[in-house]
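Dear colleague,

I am handing over the structure below, and I would be glad if you could look through it alongside the notes that follow.

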Amino acid sequence: VAVTLVVGRGASLRKETTVKAAWDQSHGSWDEFMARYPAREANAAARTIEALASDLGIDLAQASPGEMTQSGGQCSLKPRVSVGRYLSQQLERAATALEAPPEEIVEYFTEHDEQLEALRRALLNGETPLWRRDLSLLYDAPVPNLVGQLNLHRALLAHALVRLREGDHATALADLEASWRLSASLDDNPILINQLIAVTVTRIQIGTLRHMDSVPEAWVHRLETLDHRTAMLEALAFENRQWLYVNLTAQELADDDGAPWILRVLGEAYWLFGVADGSERWRRLMVDLAAIEHPCDPSAWTLVEGFRESVPSWNIPGRILTPSVPRALAKVGRLELDIELTRKILEIKNARAPDGTWPQSVQGIETSLCPDSRWIYSVTPLGVMTIELDHEIEWPRHTGSKLPNRYTAPPPDVGSRV
């Protein structure tokens, strides 16, 4: 260990070169990766959406590099919290019946009806809004105002549920489609926080979709082709790999009062060697995780624990420059199961009889992405339909709200209001 700690700059650079080459071999060259995400400025569509969102009291202005706007809005906090709470409460219920929204939400949507219509029109008819991106800045790369975007998605989707409850399916579907168009701006940025928010947005979109009838075929195709796992693994790889290209000098390390003492004392050679050592271990973890075939494979958590144990105690950089894999994997794994159930719900709805009666059986409906699980479908003598997973799956370190692994709907001609 002592020899490793005082390893010279030459040996550290050789180690770094070897690890960079290994990344190039397993994930493609760094130049190829950067070329897939060229730098750009925010387009006119993004500026238009920022202005329209501001009329709703939601701030989408992009922060300066290295910062992330936290406010998410200019209006009072209460309506935003109420909208988010109402949306979560409805989406976390297994039943299709929608509860009446609080009066303050009704008032907010009534007062902003014209602004919501203008926003929908811009998202549905205009170009995809794209915000500034420059990965060459590495950990200082700009990110969109993700708090504001999440608030805007919640407003659109909560409004969709309110309109559904009132029987206005067309406006509800337009709200959902507008949210989908907006979320495209999250999908083309391999920064980890972007992908975590993208997963959250997709979850509330498909939760809203479960409440809808007569869904366009395009949504069936979207659910079939969604691949958040690949995007998340790419973001996790970039989150660590970028540090091989960060040039911190010995003086910068020595002047950083927030850095561990070992970094400030041993300086650049130790930093380079530690980053390279940790990055190679991280690269191998990414390769192994990419080979896992289904979201419920417990070997994923074994691999993550193995990585943690493999990083030597002396390697402080290797330990502090690794993001939380369990949280990211849990969010993606749970989402994949949520998408699977949503696809099955749409399939069941499409199999209804002309009078709306639920089918007594649907071929292949029981199969699941998770080999040890199956979906149970049933229709009661009174015509109530239920589909649910045969057991609850625990996702390590999963945080935030969840969609239920159960869906139940009444027979035809039974109102959906409660």
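Before the helix and sheet are described, one term is needed: contact here means heavy atoms within 4.5 Å. Please also keep in mind throughout that this is a predicted model.

With that in hand, helix H17, which covers residues 325-350, lies across S1, S2 and S3 and runs at about 155 degrees to S2. These three strands form an open sheet in the order S1-S2-S3, and their pairing is antiparallel. Strand S1 (375-379) and strand S3 (406-409) are the edge strands, each pairing on one side only, and neighbouring strands of the sheet are turned against each other by 5 degrees on average, with direction ignored. Strand S2, residues 385-389, pairs with S3 in the antiparallel sense over four bridges, and Met-385 stands opposite Ala-409 in S3. As general background, strands of a sheet pair through backbone hydrogen bonds.

The model also has one disulfide, which joins Cys-296 to Cys-370 with an S to S distance of 1.7 Å. Cys-296 lies in the loop between helix H14 (261-290) and helix H15 (299-310), whereas Cys-370 lies in the loop between H17 and S1, so the pair ties together parts that are 74 residues apart in sequence. Both Cys-296 and Cys-370 are buried.

A further residue that you may wish to look at is Ser-179, which is found in helix H9 (residues 169-187). Ser-179 has a relative accessible area of 0%, and buried means under 20%, so Ser-179 counts as buried. The side chains of Ser-179 and His-153 are joined by a polar contact of 2.8 Å. If neighbours within four places in sequence are left aside, Ser-179 is in contact with His-153, Leu-156, Leu-157 and Gln-205.

As for how far the model can be relied on by its own confidence values, the mean pLDDT of the protein is 88, and 87% of its residues reach 70 or more. Confidence is highest in S1, at 98, and lowest in helix H1 (residues 2-5), where the mean is 46. Over residues 1-5 the pLDDT is below 50, and this stretch has seven contacts in the model beyond near neighbours in sequence. The pLDDT is also below 50 over residues 68-77, a stretch that has 30 contacts in the model beyond near neighbours in sequence.

With best wishes

Conventions. Residues are numbered from 1 along each chain as its sequence is written. This is a predicted model: local features need pLDDT of at least 70, side-chain atom pairs count only at pLDDT 80 or more; totals for chains, interfaces and linings use all residues. Side-chain values use heavy atoms; hydrogens and water are left out. Two strands pair if DSSP finds at least two bridges between them. Helices (H or I, at least four residues) and strands (E, at least two) are DSSP runs, numbered from the N terminus. Axes are lines fitted to C-alpha atoms, for helices over the stretch in contact, and angles run from 0 to 180 degrees between N-to-C directions. A disulfide is a pair of cysteine sulfur atoms within 2.5 Å. Buried means under 20% relative accessible area, exposed over 50%, partly exposed in between (1.4 Å probe, protein chains only). pLDDT is the predictor's confidence in each residue, from 0 to 100. A polar contact is a pair of N or O atoms within 3.5 Å; within protein, one must be able to donate a hydrogen and the other to accept it, and residues adjacent in sequence count only if both atoms are side-chain atoms.
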